[in-house]
Amino acid sequence: MDGNDLETQPEDLNTSNTSETTTMQLLAELKDIWRNERFAPELLPHHVDLVDCLLEQVRVMEGNVGKARGKEPYRCHVHKMELNRIRFMLSNYLRCRLEKLELFTTHYRQLSAEQQEHFLSPAELTFLNNFADKTDELLTNSVAPYLPTGMPVLDAWKKNPARPKLDSFVFVQPKEVLEGVILDAGTQDGREEEIVTLEEGGQYLLRYSSVREHVMANRVLLM
Amino acid sequence: MRALIGPKENQASQVYYRTLWWTDVQRPSLKMYGRRATDLIRGLDRAAENSIPPYNGETVRAVCEEIKDIFEANQQDTGRLQSQADTSSHQNILHSIHFRHIAMERNKRCLVAYHYNRAERLRSIRWNLGGIIPREIRSTLSEKEVEWFNSYNTELTNYMMELDGLNLTVHQRPPKEHFIHVRVLLDYGDYETEDGETIHLKKYTRHVLPRTECEHLIRQGVLEHVHV
């Protein structure tokens with residue numbers, strides 16, 4: 001391994017791997033998705049391809065840095081630092097999704113198979129199902145032996161599970177002009193619906209439910 | 001009305017009252033349904049945040065006992081409703097059945113909440129301390145909870161394997177610097193770093209280590225981050 005290999009490393013972060021999207025673009029995309037996931041009260045559609053692709057890239061780059069160790073320690077550390085930042089973004093994103101799954105287990109379990117496929121990656125779905133089963137088992141078996149036989153323990157819990165609060169407020173920054181956003185749809189207190197246009201790059205404080213579909217389609221940034 | 005509300009004076013409740021040595025008068029409120037279920041929740045709530053107080057199996061069983069009593073009383077009353085031709089007292093019986101039913105539902109809800117919240121705290125142990133429960137915590141858990149922890153551990157590991165072994169429990173904080181200063185808090189012994197070097201972690205010594213390598217040691221309380 002000579003110095004030239006090290007020289008090419010910064011480009012590894014930029015050059016394309018297989019398709020026309022570069023790692024840099026993928027990273028920018030991950031950053032948006034990650035931020036939206038963090039601020040949205042519910043689970044957003046999964047991006048399993050993006051995550052897999054980035055994981056792959058990180059592994060390749062780590063291999064490169066590992067091979068070049070000892071030649072230019074300082075540069076290696078800078079690269080490692082950058083890789084750690086990417087890893088942090090990835091794991092924080094995935095962790096955040098797991099936390100939502102654990103919090104709203106029953107709710108996501110009750111969705112239809114199509115919806116589950118839309119929101120959850122296959123691995124997440126397996127995790128959700130196992131986690132839900134084990135937790136139900138714990139809650140039931142801890143008390144069932146002392147109760148009258150056949151008495152359901154989790155009936156009320158299942159009937160009214162914890163659900164994401166779609167009415168909570170979020171700060172929104174549209175990436176493009178959004179027309180026909182309906183505010184206060186279906187609120188109980190008798191206020192009238194209002195239809196507004198959101199400017200590109202503007203900053204708004206809105207209920208999550210009114211921009212929900214735009215968040216799902218990645219047309220706005222939450223902040 | 002109190003006779004209607006009060007649970008049967010069974011063995012369990014007498015034991016419970018006897019422990020209240022500072023009151024020589026039994027307060028009427030103590031005889032209410034749901035009292036012990038509330039105690040269960042309160043005990044958990046009063047414990048320090050994220051700590052796991054010993055599993056209160058005795059109270060759990062007492063609450064179940066109360067549910068059983070209510071269930072039997074309601075069955076008796078339902079029987080009375082069906083057998084009595086005289087409908088004048090039906091309204092009263094219906095009311096007490098309804099009342100007991102609500103008390104029972106509440107008790108069940110408290111039981112679920114108790115176990116669920118304990119599981120929640122157990123979960124944070126997995127994330128902070130890893131897949132093995134420390135002995136002092138293990139003694140505070142019920143058998144079912146240990147089972148749950150082990151299966152949670154397996155599921156989480158499986159999930160991370162699906163991600164090509166990306167360990168989600170590392171990188172819990174945004175990395176601001178690659179190396180950090182740490183102080184060793186206890187005699188840990190030899191520790192092998194990612195690049196294969198072995199360092200000896202002796203109490204009171206200081207080291208400069210890559211953050212990713214010592215993050216879990218910091219969470220376990222072996223190292224302390226020193227802000228220079």
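In chain B of this predicted model, helix H5(B) meets helix H7(B) through Arg118(B), Ala119(B), Leu122(B), Arg123(B), Ile125(B), Arg126(B) and Trp127(B). On the H7(B) side, the partners are Glu145(B), Trp148(B), Phe149(B), Tyr152(B), Asn153(B), Leu156(B), Thr157(B) and Met160(B). Sorted by class, the residues of this contact divide into 9 nonpolar, 2 polar and 4 charged. For orientation along the chain, H5(B) covers residues 90-129 and H7(B) covers residues 143-162. The two axes come within 10 Å and cross at roughly 50 degrees, and H5(B) is therefore oblique to H7(B). The crossing of this pair is right-handed.

Helix H5(B) also packs with another helix of its own chain, H4(B), made up of residues 57-83. Here the axes come within 9 Å and cross at roughly 155 degrees. An angle over 145 degrees counts as roughly antiparallel, so H4(B) is roughly antiparallel to H5(B). The crossing of H4(B) and H5(B) is left-handed. Their contact has 15 nonpolar, 7 polar and 5 charged residues.

From the helices within chain B, the description now turns to the meeting of the two chains. Chain A brings 39 residues to the contact, and chain B brings 42 residues. Together the chains bury an area of about 4,000 Å², with carbon and sulfur atoms giving 70% of it. Within chain A, the residues that lose the most area to chain B are Arg95(A), Leu138(A) and Tyr146(A), which together account for 15% of what that side buries.

Charged pairs also feature between the chains. Side chains of opposite charge can pair when their charged atoms come close. Over all chains, the count comes to 18 salt bridges, and 2 salt bridges are counted between chain A and chain B. In one salt bridge, Glu102(A) pairs with Arg123(B), and the closest N and O atoms are 2.1 Å apart. This pair crosses between chains, running from helix H4 of chain A (residues 73-103), where Glu102(A) lies, to helix H5 of chain B, which holds Arg123(B). Asp155(A) likewise forms a salt bridge with Lys108(B), for which the closest N and O atoms are 3.7 Å apart.

Arg123(B) thus links two parts of this account: Arg123(B) is among the H5(B) residues that meet H7(B), and Arg123(B) also forms a salt bridge with Glu102(A).

Terms used:
Residues numbered from 1 in each chain as written. Chains lettered and ligands numbered in written order. Predicted model: local features only at pLDDT ≥ 70, side-chain atom pairs only at ≥ 80, totals over all residues. Heavy atoms only, no water. Axes fitted to C-alpha atoms, helices over the stretch in contact; angles between N-to-C directions. Helix = DSSP H or I, 4+ residues; strand = E, 2+ residues; numbered from the N terminus. Parallel < 35°, antiparallel > 145°, perpendicular 65-115°, else oblique. Left-handed = near helix turned anticlockwise from the far one by under 90°. Contact = heavy atoms within 4.5 Å. Nonpolar A, V, L, I, M, F, W, Y, C, P; charged D, E, K, R; others polar. Buried area = accessible area lost by both parts, 1.4 Å probe. Salt bridge = Lys/Arg side-chain N within 4 Å of Asp/Glu carboxyl O.
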